[in-house]
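This report walks through a single structure for a reader who is meeting it here. Please keep the sequence and the view at hand while reading.

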Amino acid sequence: MSREKALFRDNLERLRELFPGVEVLTMEETCKLLRMDRRTLLADKSCPARKVSGKYIVPIVKLASYLS
C-alpha cells in the first residue's frame, strides 16, 4: 500500500469544490486554475496532462497529486 503525499487530500477536496461532479479538466481549465502557460505545463514531464483524441485532459485526482 502506498502512502499519500502530504496535502493530497486537501488539494483533492479543493479541486472537487471548484469543479463539482467533474473528474477530468481540460487543458484550458488547468492552465487558468494554475495561472500557467500551456507550453510550460506540457514541457513539465511530471504534469499529469494526457493527450486523448487530439486534446489534452487532466484528471483531477492526478492533478491533486501533482500539486502535492
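Does S53 count as buried or exposed? At 77% relative accessibility, S53 counts as exposed, and that value can be read against the cut-off of over 50% that the term requires. The model discussed here is a predicted one.

## The sheet

The sheet is an open one, formed by 3 strands in the order 1-3-2, and the pairing between them is antiparallel. Strand 1, residues 24-26, and strand 2, residues 50-52, stand at the edges with a single partner strand each, so one side of each has no neighbour in the sheet. From one strand to the next, the twist averages 45°.

As general background, the strands of a sheet pair through backbone hydrogen bonds, and the pairing may be parallel or antiparallel. Here, strand 2 and strand 3, the latter covering residues 55-59, run antiparallel and are joined by 3 bridges. Within this pairing, K51 has Y56 in strand 3 as its bridge partner.

## Helices across the strands

Two of the helices can be described by how they lie against the strands. Helix 2, which spans residues 27-34, lies across strand 1 and strand 3, and its direction makes an angle of about 85° with strand 1. Helix 4, made up of residues 60-67, also lies across strand 1 and strand 3, and for this helix the angle given is the one to strand 3, at about 70°.

## A buried asparagine

N11 belongs to helix 1, which runs over residues 8-18. With a relative accessible area of 19%, N11 is buried, because the term applies to values under 20%. When residues up to four places away in sequence are left out of the count, N11 touches A64, L67 and S68; of the residues just named, A64 and L67 fall in helix 4, which covers residues 60-67.

## Two loop residues with positive phi

Most residues other than glycine have a negative phi, and two residues of this model can be set beside that general rule. R35, although it is not a glycine, has a positive phi of about 55°. The place of R35 is in the loop between helix 2 and helix 3, the latter being residues 38-43, and R35 counts as exposed at 80% relative accessibility.

S53, the residue of the opening question, is likewise not a glycine, and its phi is positive, near 55°. S53 is found in the loop that lies between strand 2 and strand 3.

Key
Residues are numbered from 1 along each chain as its sequence is written. This is a predicted model: local features need pLDDT of at least 70, side-chain atom pairs count only at pLDDT 80 or more; totals for chains, interfaces and linings use all residues. Side-chain values use heavy atoms; hydrogens and water are left out. Helices (H or I, at least four residues) and strands (E, at least two) are DSSP runs, numbered from the N terminus. Buried means under 20% relative accessible area, exposed over 50%, partly exposed in between (1.4 Å probe, protein chains only). Contact means heavy atoms within 4.5 Å. Two strands pair if DSSP finds at least two bridges between them. Axes are lines fitted to C-alpha atoms, for helices over the stretch in contact, and angles run from 0 to 180 degrees between N-to-C directions.
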